[in-house]
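Colleague: Could we go through this model together? I would like to hear the reasons behind the labels.

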Amino acid sequence: STETDPRRVLRGWGQFTTEVAPELAPVLLLVRGAAATDPEMTALLEEVETQQRTRMRHNARRLQRRGWLRPGIGLTRATDILCVYSSAELYEQLVLKSGWSLKQYGEFVGDALIAALLPG
C-alpha cells in the first residue's frame, strides 16, 4: 500500500475485519469447539492459528519497516496485538454476544490498534 498515514492504515485494517470476521469467525469457533474432542480438528485449528500468526507477523513487519511502531514495541509484541484484535473470540464477544454492529466493531478494532501500536 502507498498510504503514508499509519492511522488510516490501521483504521483500514479495522474495516477489513468487518468483511472477514463474519465469514471466518463462526467457522473458527466451531473448529475450536470440535478440537476439544477431535484430533483432526485440533490439527486444523493449529494450522489455521499458525497461518493467522504468519499473516499478522507480516503486517507487524510492515509497520516496523515503516517506523510506525511505538518505541518499545517489537515485532513479537506487535504480532501478538494484531492477533488479539483479529481474533474470532473478540468478534464473538463484541458482535455475537454483545450485539455491536459491524461498524462499531470495525471502528473499535481500528482505534484499539492505533492506541496499542502507534506512538502517542
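**Helix contact and pocket**

Modeller: Gladly! L10, W13, L28, V31, R32, A34 and A35 of helix 1 touch M41, T42, L44, L45, V48, E49, N59, R62 and L63 of helix 2, where contact means heavy atoms within 4.5 Å. By class, this contact holds eleven nonpolar, two polar and three charged residues. The model is predicted: local features need pLDDT of at least 70, side-chain atom pairs count only at pLDDT 80 or more, and totals for chains, interfaces and linings use all residues. Residues are numbered from 1 along each chain as its sequence is written, and side-chain values use heavy atoms, leaving out hydrogens and water.

Colleague: What makes helix 1 roughly antiparallel to helix 2?

Modeller: The axes of helix 1 (residues 6-35) and helix 2 (residues 39-65) come within 10 Å and cross at roughly 165°. Angles over 145 degrees count as roughly antiparallel, so that label applies to helix 1 and helix 2. Their crossing is left-handed.

Colleague: Which residues are closest to the centre of the largest pocket?

Modeller: They are V20, Q52, R55, M56 and S86, out of 29 lining residues; lining residues have an atom within 4 Å of a point. The volume of the largest pocket is about 710 Å³.

Colleague: Which helix gives the most to that lining?

Modeller: Helix 1, with ten residues. Helix 1, helix 2, helix 3 (75-85), helix 4 (88-97) and helix 5 (102-117) each supply at least two. By class, the lining has 18 nonpolar, six polar and five charged residues.

Methods. Axes fitted to C-alpha atoms, helices over the stretch in contact; angles between N-to-C directions. Helix = DSSP H or I, 4+ residues; strand = E, 2+ residues; numbered from the N terminus. Parallel < 35°, antiparallel > 145°, perpendicular 65-115°, else oblique. Left-handed = near helix turned anticlockwise from the far one by under 90°. Nonpolar A, V, L, I, M, F, W, Y, C, P; charged D, E, K, R; others polar. 1 Å grid on protein atoms, 1.4 Å probe; cavity = no way out; pocket = protein on both sides within 12 Å on 5 of 7 lines; lining within 4 Å. Points joined across faces, edges and corners; volume = space filled by probe spheres on them.
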